[in-house]
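Here are some notes for a newcomer, to read with the structure open beside you. They go element by element, so feel free to click along.

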Amino acid sequence: MDDDLVKIDDIDRKIIDLLNEDGRMSYRNISRILDVSVGTVHNRVEKLVKKGVIKKFVPIIDHSKLGYKLTAIIGVKVKGGVLRNWETRTAYHKNVLAVYDVTGEFDAILIGKFRDTGELDSFIKGLLSEGDVQRTYTQTVLNIVKEDMTSTKMIGD
């Protein structure tokens, strides 16, 4: 498993930090900030993409600005032997942002964003109507203290 680990240095780390701050930052601007050549930045970014450290460049959306003000964490218990198929189908639902296989009482945890409790209620009832779903447990988020899937703070430890 450690064969998949990618070694990065301080320059790589700083490039990733800058791209996290502004994914549209030019290589020229990054090179000025880091005092390295544009070619170095280009080669480093290409290496990070090729190795899978940087998966893609995407905007970070504030879902609440689009009307999705309710975040829910949903535990799902699924019948044995069908978890992978169920997860694959469910992952593409428009409200689902994340699907995690977990240990413990539930087989999967979903993170979803919803416009209101009515939309969440319809989603949960839809899950429960699926033959593979045995039960669910839903928690609604009151306040988002931290929600950062782009954090680079753990890199370099």
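1. First, a term: helices and strands here are DSSP runs, numbered from the N terminus, with at least four residues for a helix and at least two for a strand. With that in hand, D35 is easy to place: D35 is in the loop between α2 and α3. Bear in mind throughout that you are looking at a predicted model.

2. Stay with D35 for a moment. Its phi is near 60°, which is a positive value in a residue other than glycine. For background, most residues other than glycine have a negative phi. Is D35 buried or exposed? D35 counts as exposed because its relative accessibility is 71%, and the cut-off for that label is over 50%.

3. Now the helices on either side of that loop. Helix α2 (residues 27–34) and helix α3 (residues 38–50) pack with their axes 8 Å apart, at an angle of about 110°. That angle makes α2 roughly perpendicular to α3, since 65 to 115 degrees is the range for that label. The crossing of α2 past α3 is right-handed. By class, this contact has 5 nonpolar, 2 polar and 2 charged residues.

4. Which residues of α2 and α3 meet? From α2 come Y27, R28, I30 and S31, and from α3 come V38, V41, H42, V45 and E46.

5. Next, bring in helix α1 (residues 10–21). The axes of α1 and α2 come within 11 Å and cross at roughly 130°. So α1 is oblique to α2, and the crossing is right-handed. On the α1 side, I11, K14, I15, L18 and L19 take part, and they meet I30, I33 and L34 in α2. Sorted by class, the contact of α1 with α2 has 7 nonpolar residues, no polar ones and 1 charged. Note that I30 of α2 turns up here and also in the contact with α3.

6. What about α1 and α3? These two pack at an angle of about 85°, with their axes 10 Å apart, and are therefore roughly perpendicular to each other. The residues that make the contact are I11, D12, I15, I16 and L19 of α1, together with V41, R44, V45, K47 and L48 of α3. By class, the contact of α1 with α3 has 7 nonpolar, no polar and 3 charged residues. If you have been following along, I11, I15 and L19 of α1 meet α2 and also take part in this contact with α3.

7. One more residue in α2 is worth a click: N29 lies in that helix. N29 counts as partly exposed because its relative accessibility is 31%. Its C-alpha atom and that of I155 are separated by 22 Å, and the two residues are 126 places apart along the chain.

8. Moving along the chain, L66 sits in the loop between α3 and β1. L66 has a relative accessible area of 54%, so this residue is exposed. Try picking L66 and E21 together: they are 45 residues apart along the chain, and their C-alpha atoms are separated by 22 Å.

9. For a contrast, go to A72 in strand β1. A72 is buried, with a relative accessible area of 0%. Which residues is A72 in contact with, leaving aside its neighbours within four places in sequence? They are L110, I111, G112, F114, L120, T138, Q139 and T140. The C-alpha atoms of A72 and L110 are separated by 8.0 Å, although their positions lie 38 residues apart along the chain when counted as places apart.

10. Last stop: helix α4 (residues 83–91). W86, E87 and T90 are buried in this helix. They cover an arc of only 100° around the axis, which puts them on the same side of α4. As a reminder, an α-helix has 3.6 residues a turn, so residues three or four places apart point the same way. On the other side of α4, R84 and N85 are exposed.

11. What do the buried residues of α4 pack against? Their partners are β1 (70–78), β2 (96–101), β3 (108–114), α5 (117–129) and β4 (133–140). β1 is also the strand that holds A72, so to speak a handy landmark when you turn the model around.

Definitions and conventions
Residues numbered from 1 in each chain as written. Predicted model: local features only at pLDDT ≥ 70, side-chain atom pairs only at ≥ 80, totals over all residues. Heavy atoms only, no water. Axes fitted to C-alpha atoms, helices over the stretch in contact; angles between N-to-C directions. Parallel < 35°, antiparallel > 145°, perpendicular 65-115°, else oblique. Left-handed = near helix turned anticlockwise from the far one by under 90°. Contact = heavy atoms within 4.5 Å. Nonpolar A, V, L, I, M, F, W, Y, C, P; charged D, E, K, R; others polar. Buried < 20%, exposed > 50% of the residue type's maximum accessible area, 1.4 Å probe, protein only. Arc of directions from axis to C-beta.
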